[in-house]
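The following exercises concern one protein model. Please work through each task before reading its solution.

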Amino acid sequence: RSQAGWEPTLAYALATCMVASSVDSLQTGLLSVVSRAIMDLDISPAKRMGLGQLFVLSVNIPAIILSSEATKSPDLGFNIINLFLIADLLTLSITVPVFLGLYPFVTQRGVLAGCACGLLFIMSFGWLEFGTFVAALEMFTLMAFGNTQPPESGLTASRTCIVFVLLPIVTCVGTLLVSWMERVWEKLSVAQQQEPHDASKLAVI
């Protein structure tokens with residue numbers, strides 16, 4: 001739906017962009033949730049701050065260790081990159097419909113349809129290339145994880161570039177098409193409601 005004023009629009013855009021980033025946004029969100037729970041505890045402010053810092057360390061230390069180990073193992077490093085690609089792929093399937101929802105012309109059903117078109121496009125790409133429903137589901141991982149093991153997968157596969165280029169176009173077309181159909185249906189419904197009213201006026205005359 002369209003947002004009134006520039007402040008809600010800016011907040012809406014920033015919230016959507018945060019989904020595209022990973023670690024920092026995850027840490028910020030988790031810390032805010034935990035901080036809220038800590039604030040409800042009957043303890044001193046110093047202990048509250050200490051618990052919050054302890055949680056930050058508990059999140060960052062494993063991340064640092066994992067990053068350090070990833071530099072030693074190229075395979076592990078590629079697997080981590082492929083995990084980020086999965087998050088980016090799912091984010092990209094909803095980004096265009098969500099931002100199009102800022103315009104009054106775009107409807108709620110149009111946005112949902114655009115997101116659904118993105119997910120169906122990813123599955124269809126895997127189904128058409130490998131011919132199985134399992135491969136269609138594995139396409140959400142860009143074939144980097146699962147039973148189907150093509151010669152190229154994840155970041156190094158040519159299909160990754162194709163999917164990332166076509167996905168925004170597919171979701172945009174799906175969103176606008178369904179929104180246009182819904183707007184046309186609304187106009188036809190209004191016109192049908194006005195026809196009996198106009199006919200009754202002519203009958204009175």
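**Exercise 1.** Why does cysteine 115 form no bond with the closest cysteine sulfur?

This is a predicted model, in which local features need pLDDT of at least 70 and side-chain atom pairs count only at pLDDT 80 or more, while totals for chains, interfaces and linings use all residues. Residues are numbered from 1 along each chain as its sequence is written, and side-chain values use heavy atoms, without hydrogens and water.

Step 1. A disulfide is a pair of cysteine sulfur atoms within 2.5 Å.
Step 2. The closest cysteine sulfur to that of cysteine 115 belongs to cysteine 117 and lies 9.2 Å away, so the two are too far apart for a bond.
Step 3. Searching the whole structure gives zero disulfides.

**Exercise 2.** Determine where serine 179 is placed and what surrounds its side chain.

Step 1. Serine 179 belongs to helix 7, residues 158-204 (a DSSP run of H or I, at least four residues, numbered from the N terminus).
Step 2. Its relative accessibility is 0%, so serine 179 is buried (under 20% relative accessible area, with a 1.4 Å probe and protein chains only).
Step 3. Beyond its neighbours within four places in sequence, serine 179 is in contact (heavy atoms within 4.5 Å) with Phe105, Val106, Thr107 and Gly110.
Step 4. The serine 179 side chain reaches the backbone nitrogen of threonine 107 at 3.2 Å.

**Exercise 3.** Which residues does methionine 139 contact, leaving aside its neighbours within four places in sequence?

Step 1. The partners of methionine 139 are Leu89, Ile122, Phe125, Gly126, Arg159 and Val163.

Conventions. Helix = DSSP H or I, 4+ residues; strand = E, 2+ residues; numbered from the N terminus. Buried < 20%, exposed > 50% of the residue type's maximum accessible area, 1.4 Å probe, protein only. Polar contact = N/O pair within 3.5 Å; in protein donor to acceptor, adjacent residues only side chain to side chain.
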